[in-house]
Amino acid sequence: MTETGGGAPPSPGKVLFGKYEMGRLLGRGASAKVYHARHCASGLGVAVKVFPNPRRPAGCSAAGDSFIREISALRRLRHPHIVRLHEVLASRSKVYLVLELAKGGELFSRVEERGHLPEDLCRRLFRQLVSAVAYSHSRGVFHRDLKPENLLLDEAGDLKVSDFGFAALRSSSSSSADGDDGDLLLHTQCGTPAYVAPEVLTKKMTGGYDGAKADMWSCGVILFVLNAGYLPFNDPNLMSLYRKIYRGYHRCPRWTSPNLRRLIARLLDPNPATRISVDGILRDPWFAKDFDADQWTALMQPRGDATDPSGKPHHRRELNAFDLISFSPGLDLSPLFEEATSDRERFALAEPVDSIVDRLEQVGRAQGLAVRREGENGFCAVVEGQKGDFLLRVEVYPLTASLTVVAIERSGGAGESLWNEKLGPALRGPVNLALETPSFITEAERIHDATGSSME
Ligand code: ATP
């Protein structure tokens, strides 16, 4: 086995960053190639999505935008029917997303093989799809590229929504979707317009884009395809295709039951204002057949504190190379991980984790505040005001035995002044280290030196 971390495409048998043994190519899209890989320590299978040229500025390449969107979206999402992002690694020339492996391949191939799917199977898969989409919307993520090619299956034949490269994210402080770069996205999506809602094609979205309604339209096209085996709107001439989409006119195959026809028509309603919403779908007779609120709640349940392939719970994980790279002020990769706001901050302390958390508790209590530890080992503490309102969240990651990274999220207002005046000065003490690193590569090399694993 040879070690690799970048440069040439990972060939079978190569070991990436000393952690993942690369296998065959699973698929390729416009922005990335996806490989099967095995996590060396645990033997678990994963999918590694490889994006070239991460240093090209966003907007210069398909990959430049889409990997940022995909990481930002997937970091918000933990759902049984959404592909899980295990970790992000980077080298001089590539970004690698280590993803949950969907062993069953693309749903599209399953439909192609069978012509169309039986109604009960359509219903099971559609419920899983709606649960994943509704959950994403509740977390401020709008997929905007839902189509059977982006729906994968696991070994049990259950759905895994993937490819969030076109996702729009709503920031917690705003009601509109961020990253909605109108023309660019619309232009890109015109490559596969058959699934795109009419209001997106007509650009009515500008200024008031309802990502949830547009995703519902795409769910309607998917439901139609699963049941029929062909697209509801199809025409070799793009203008004729658009006209069909605007009119919403479609013909279900003869085997479609009346209730399914009605639901498809309500999803493929060209007017987003009257198009069915998730709440409406839950009350729909076809969707709700032999299905109760408890089953929906179970479907919507986010995954617990999921583990990475090594089996380490997330709150305990050591920082990986990409986490470290993201601390570098020389290269602004922080948007990959979270929305940059003045309510967030990160710094390093030359102290072990426990003493930092102990100090936080002492100072917090002296101020009459409740400091609650989350996670069994207290790597995350939440500081609450006297009425139980959220003030601060402090996450503490071990970097080495004596060096710790502290990430703060403040509520604004009261959280801000509490941090600036009391907790911040007490916590930082005299040994606050700025994590200054001149470049992306230097950080990667530092990890190499520290771990002995080959990065390049
Ligand atoms: P697009 O052209 O839509 O932007 P992309 O470059 O973002 O695509 P994906 O659609 O995410 O790439 O992946 C390409 C193909 O790789 C998929 O169609 C699928 O066959 C395979 N694939 C992606 N993710 C996984 C996974 N987690 N498990 C198994 N196969 C996967």
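**Group meeting talk: a ligand between two domains**

Hi everyone, let's start with the whole chain: 51% of its 456 residues count as buried. Please keep in mind that this is a predicted model. The chain holds 15 helices and 19 strands. Its accessible surface comes to about 20300 Å², and carbon and sulfur atoms account for 51% of that area. If you take the contacts in the chain with a separation of 6 or more, 60% of them join residues 24 or more positions apart.

Now to the ligand, which I suspect is what you came for. Where does the ligand lie with respect to domain 1 and domain 2? Domain 1 covers 15-100 and domain 2 covers 105-300; both give residues to the shell around the ligand, so the ligand lies between them.

There are 19 residues around the ligand, and those that come nearest are Ala30, Lys49, Glu100, Glu106 and Asp163. By class, the shell divides into nine nonpolar, six charged and four polar residues. As for secondary structure, strands β3 (20-28) and β5 (45-52) each supply at least two shell residues. The largest share comes from β3, with three residues.

Let me go through some polar atom pairs. On Lys49, a polar side-chain atom sits 2.6 Å from an oxygen atom of the ligand. Glu106 also uses its side chain: an N or O atom there is 2.7 Å from a ligand oxygen. With Glu100 the partner is the backbone, where a polar atom lies 2.8 Å from a nitrogen atom of the ligand. And how much of the ligand does the protein bury? Taken alone, the ligand exposes 620 Å², and the protein buries 89% of that.

Next, two residues to click on in the viewer. Start with Leu129, in helix α3, which spans residues 119-138. Is Leu129 buried or exposed? Its relative accessible area is 1%, under the 20% cut-off, so Leu129 counts as buried. Leaving aside residues up to four places away in sequence, Leu129 touches Leu146, Leu151, Leu159, Val161, Cys219 and Ile222. Ile222 is 93 residues from Leu129 in sequence, yet their C-alpha atoms are 9.5 Å apart in space.

Now follow the chain to Arg139, in the loop between α3 and β9 (141-142). Arg139 has a relative accessible area of 41%, which makes it partly exposed. Not counting residues up to four places away in sequence, Arg139 touches Arg76 and Leu77. Arg78 is 61 residues from Arg139 in sequence, with a C-alpha to C-alpha distance of 9.9 Å.

Last, a word on backbone angles, for those of you who like to check them. Phe17 is not a glycine, but its phi is positive, near 50 degrees. Phe17 sits in the loop between β2 (15-16) and β3, and with a relative accessible area of 5% it is buried. Arg144 is another non-glycine residue with a positive phi, about 65 degrees. You will find Arg144 in the loop between β9 and β10 (151-153). Is Arg144 buried or exposed? Arg144 is buried, with a relative accessible area of 7%.

If you keep one picture from today, let it be the ligand lying between domain 1 and domain 2, with 89% of its area buried by the protein. Thanks for listening, and I'm happy to turn the model around on screen for anyone who wants another look.

Methods: Residues numbered from 1 in each chain as written. Predicted model: local features only at pLDDT ≥ 70, side-chain atom pairs only at ≥ 80, totals over all residues. Heavy atoms only, no water. Near = heavy atom within 4 Å. Polar contact = N/O pair within 3.5 Å; in protein donor to acceptor, adjacent residues only side chain to side chain. Areas by Shrake-Rupley, 256 points an atom, 1.4 Å probe, with all protein chains shown as cover. Helix = DSSP H or I, 4+ residues; strand = E, 2+ residues; numbered from the N terminus. Nonpolar A, V, L, I, M, F, W, Y, C, P; charged D, E, K, R; others polar. Domains from an automatic or database assignment. Buried < 20%, exposed > 50% of the residue type's maximum accessible area, 1.4 Å probe, protein only. Contact = heavy atoms within 4.5 Å.
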